[in-house]
Amino acid sequence: MAFEGLAERLQAVMQKLRGKGKVTEADVKEAMREVRLALLEADVNFKVVKSFVNRVKERAIGQEVLQSLTPGQQVIKVVNEELTELMGGEQSKLAKSNRPPTVIMMVGLQGAGKTTTTGKLARFLTKQNHRPLLVAGDVYRPAAIRQLQVLGEQLETPVFSLGDKEDPVKIAEQGIAHAKENNHDYVIIDTAGRLHIDESMMDELKAIREKVSPDEILLVVDAMTGQDAVNVAESFNNEMGLTGVVLTKLDGDTRGGAALSVKAVTDCPIKFVGMGEKTDALEPFFPDRMASRILG
Ligand code: GDP
């Protein structure tokens, strides 16, 4: 399970605090030393860890906390609130254009789960009575278009494709025109990924962005890759300006580094998490629920 090590360690620290009738400044400092180590071991970005621990200390060592009737509980509450804040605070919802269709552009490196997530998102929207259209814009990866078409058939969601010989900008543009003509209120464009970030991929993505002005640019990253995922998010955000991140493979045993760092490092909220390979394994991301899950 994801975050198992981190959750276990943080819960042990919180357990020690919970029982105490009196909590001293030294107790808080000792607890925060352990929290710091646990976060670093979970592969959370070291700058993020440092400012997180400092914020918690500053708040927790305050008079109201230590002199309250339940100081241990109050310190835990501060940790919970700061963890929630670290992951974005409020839930960040998917955009909805007031001039439909809402255009969502999916970007990411190969293997992150972009095409799968595109299908999952279509299912998520269909469940909410929307009428998404999928657009097959990944013309380089062999079988990507077919993969999307198979997903579309499974989900009974139409897929717009011009094959793999056309320019992806033209595909995106015509896909949106097709959506307008056919009353689709969401268009989800699957774009090409590469094994690594390179200029030609970014140029192509930027060209699509310029042409279609998407309401959402969602980056799909693999949570299992930890700080690499955060670095990928930072690069994509600097190059293209992301509106959100989808963190996939949270059903695996990821340590937690990406989930806890990506918002703080890039300022892009995590909007969804992938919890498996099936098309229903996509969940909106709630920072407060995730914080409570980690702290037990
Ligand atoms: P793309 O190259 O980014 O389009 O990646 P794909 O969508 O083809 O996904 C790559 C692999 O990751 C496939 O085997 C997917 O089934 C798998 N995958 C995608 N999302 C998840 C997830 O949330 N959990 C798990 N366990 N596997 C996932």
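This report walks through an aromatic pair, the ligand's surroundings and an annotated span.

## About the model

What you see is a predicted model, where local features need pLDDT of at least 70 and side-chain atom pairs count only at pLDDT 80 or more, while totals for chains, interfaces and linings use all residues. Residues are numbered from 1 along each chain as its sequence is written, and side-chain values use heavy atoms, with hydrogens and water left out.

## Two rings that meet

There's one aromatic pair here (ring centres of Phe, Tyr or Trp, the last by its six-membered ring, within 6.5 Å). Phe 124 and Phe 272 meet edge-to-face (planes over 60 degrees apart), with 5.0 Å between centres and 80 degrees between planes. Phe 124 belongs to helix H6 (residues 114–127) and Phe 272 to strand E7 (residues 270–274), so the pair ties together parts 148 residues apart in sequence. Helices (H or I, at least four residues) and strands (E, at least two) are DSSP runs, numbered from the N terminus. Both Phe 124 and Phe 272 are buried (under 20% relative accessible area, 1.4 Å probe, protein chains only).

## Around the ligand

The ligand has 18 residues around it (a heavy atom within 4 Å). Among the closest are Gly 111, Lys 114 and Glu 277. Helix H6 gives the most to this shell, with four residues.

Oxygen atoms of the ligand also lie 2.9 Å from a polar backbone atom of Gly 113 and 3.1 Å from a polar side-chain atom of Gln 147.

## The annotated span

UniProt, in an unreviewed entry, places "domain: SRP54-type proteins GTP-binding" at residues 269–282; such annotations may be inferred rather than shown by experiment. The end C-alpha atoms of that span lie 16 Å apart, and it is 0% helix and 43% strand.

Notes: Phe/Tyr/Trp six-rings, centres within 6.5 Å; stacked < 30°, edge-to-face > 60°. Buried < 20%, exposed > 50% of the residue type's maximum accessible area, 1.4 Å probe, protein only. Polar contact = N/O pair within 3.5 Å; in protein donor to acceptor, adjacent residues only side chain to side chain.
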